[in-house]
Amino acid sequence: MLSRFPAIATLFLPLSKQVAISDPFLALVEALDLDTPAGEQGWLAGRSSKQNIQPGARGIWMSALCRRLMVETGFDPEVLKRKGKVIRDLAIERGWDGEKFDGFDQPLQDRVSAFYASSNEAFAQEHWGVSWNSLFPVRPAAQRVYAGPQTEAERKEMRSLMVRVLRELGFPWRLRRRFFSLYDATV
């Protein structure tokens with residue numbers, strides 16, 4: 001542990017939306033007590049990009065199902081180009097990226113929390129002098145998954161979107177009938 005070497009200055013910056021400065025770079029600037037230039041000399045605002053946008057619960061569902069059915073038809077999805085981009089772009093177009101996916105259910109969250117509890121507590125005590133739970137209160141899991149289409153209209157919509165996805169991915173025509181046979185049996 002670095003605390004055994006007092007000559008080494010250490011800073012621990014929590015990456016969390018629950019702290020006053022949630023941007024890691026700005027938190028570091030503040031912790032180092034650096035001046036933040038203003039005006040034309042100031043920091044340029046970052047631009048968000050589509051590169052790391054989560055496709056939302058529906059997009060995750062569609063992606064997982066698409067991959068599974070491709071494998072079941074005997075096709076290797078790894079050979080496709082743009083495989084992540086097609087569904088992500090569809091998700092952005094449809095606004096699915098606003099409905100964030102969270103696969104953690106309560107038992108999984110409890111297991112992960114229990115696994116890290118003692119090290120998190122030791123870390124918080126050592127570096128902040130407070131308990132981990134006082135900084136990061138335990139909250140119940142808020143699992144958000146899409147279970148698939150629930151109405152006939154939604155089934156038709158999702159099927160037509162899957163047709164579009166396969167077309168944009170360049171999925172082989174000879175396998176599409178088998179793919180949609182499996183799709184219809186699943187959905």
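**Entry 1: Glu154**

I opened this predicted model at Glu154, which I found in helix H6, residues 152-169. Is Glu154 buried or exposed? I read a relative accessible area of 14%, and since buried means under 20%, Glu154 counts as buried. Next I looked up what touches this acid, leaving aside neighbours within four places in sequence. The contacts of Glu154 are Arg58, Tyr146, Gly148 and Pro149.

**Entry 2: Arg155**

I moved along H6 to Arg155, which is found in that helix too. Arg155 has 28% relative accessibility and counts as partly exposed. Which residues does Arg155 touch, not counting those up to four places away in sequence? I noted Pro149, Gln150, Tyr183 and Val187. Pro149 is also on the contact list of Glu154. I then checked a pair across the sequence: Arg155 and Asp184 are 29 residues apart along the chain, while their C-alpha atoms are 9.2 Å apart in space.

**Entry 3: the whole chain**

I stepped back to see the chain that holds these residues. How many helices and strands does the secondary structure come to? I counted seven helices and zero strands, so from the N terminus on my note of the elements simply reads α-α-α-α-α-α-α.

For overall dimensions, I looked up the radius of gyration, which is 23 Å for the chain, whereas a compact globule of 187 residues would come near 16 Å. Along the principal axes, the C-alpha atoms fill a box of roughly 65 × 50 × 30 Å.

Burial came next: 25% of the 187 residues are buried. The chain exposes about 13,200 Å², with carbon and sulfur atoms supplying 55% of that area. I also looked at contacts between residues at least 6 apart in sequence, and 70% of these join residues at least 24 apart. For the charges, I noted 26 positive and 22 negative ones, whose mean positions lie 12 Å apart.

**Entry 4: helix H3**

I picked helix H3, residues 83-94, to check its geometry. Its 12 residues reach 18 Å from first C-alpha to last, close to the 16 Å expected at 1.5 Å a residue. Which residues of H3 are buried? My list reads Val86, Ile87, Arg88, Leu90 and Ala91, and I was pleased to see an arginine among them. Before reading the spacing I reminded myself that an α-helix has 3.6 residues a turn, so residues three or four places apart point the same way. What covers the buried residues of H3 includes helix H2 (56-72) and H6, and H6 is the helix where I began with Glu154. Just after H3, I noted that Gly95 takes a positive phi of about 80°.

**Entry 5: Asp33**

That sent me to another positive phi. Asp33 has one of about 60° although it is not a glycine. Where is Asp33 found? I located Asp33 in the loop between helix H1 (24-31) and H2. Its relative accessible area is 67%; with exposed meaning over 50%, Asp33 counts as exposed.

**Entry 6: three residues of H4**

I finished in helix H4, residues 106-128, with Gln109 as the opening stop. Gln109 is buried, with a relative accessible area of 18%. Leaving aside neighbours within four places in sequence, I found Gln109 in contact with Phe104, Arg139, Pro140 and Ala141.

Glu121 lies in H4 as well, and at 27% relative accessibility it counts as partly exposed. How far apart are Glu121 and Trp132 in sequence and in space? I read 11 residues along the chain and 5.0 Å from C-alpha to C-alpha. Trp132 is also one of the residues that Glu121 touches, together with Val130, Ser131 and Asn133, not counting residues up to four places away in sequence.

Gln125, another residue of H4, has 40% relative accessibility and counts as partly exposed. Its contacts, with neighbours within four places in sequence left aside, are Val130 and Ser131. I marked Val130 and Ser131 in my notes, as both also appear on the list for Glu121.

Key:
Residues are numbered from 1 along each chain as its sequence is written. This is a predicted model: local features need pLDDT of at least 70, side-chain atom pairs count only at pLDDT 80 or more; totals for chains, interfaces and linings use all residues. Side-chain values use heavy atoms; hydrogens and water are left out. Helices (H or I, at least four residues) and strands (E, at least two) are DSSP runs, numbered from the N terminus. The radius of gyration is taken over C-alpha atoms; the globule rule is 2.2 Å times the number of residues to the power 0.38. Buried means under 20% relative accessible area, exposed over 50%, partly exposed in between (1.4 Å probe, protein chains only). Contact means heavy atoms within 4.5 Å. Accessible areas come from the Shrake-Rupley method with a 1.4 Å probe; for residues, only the protein chains shown count as cover. Lys and Arg count as positive and Asp and Glu as negative; His and the chain ends are not counted. The place of a charge is taken as NZ of Lys, CZ of Arg, CG of Asp or CD of Glu. The expected span of a helix is 1.5 Å times one less than its number of residues.
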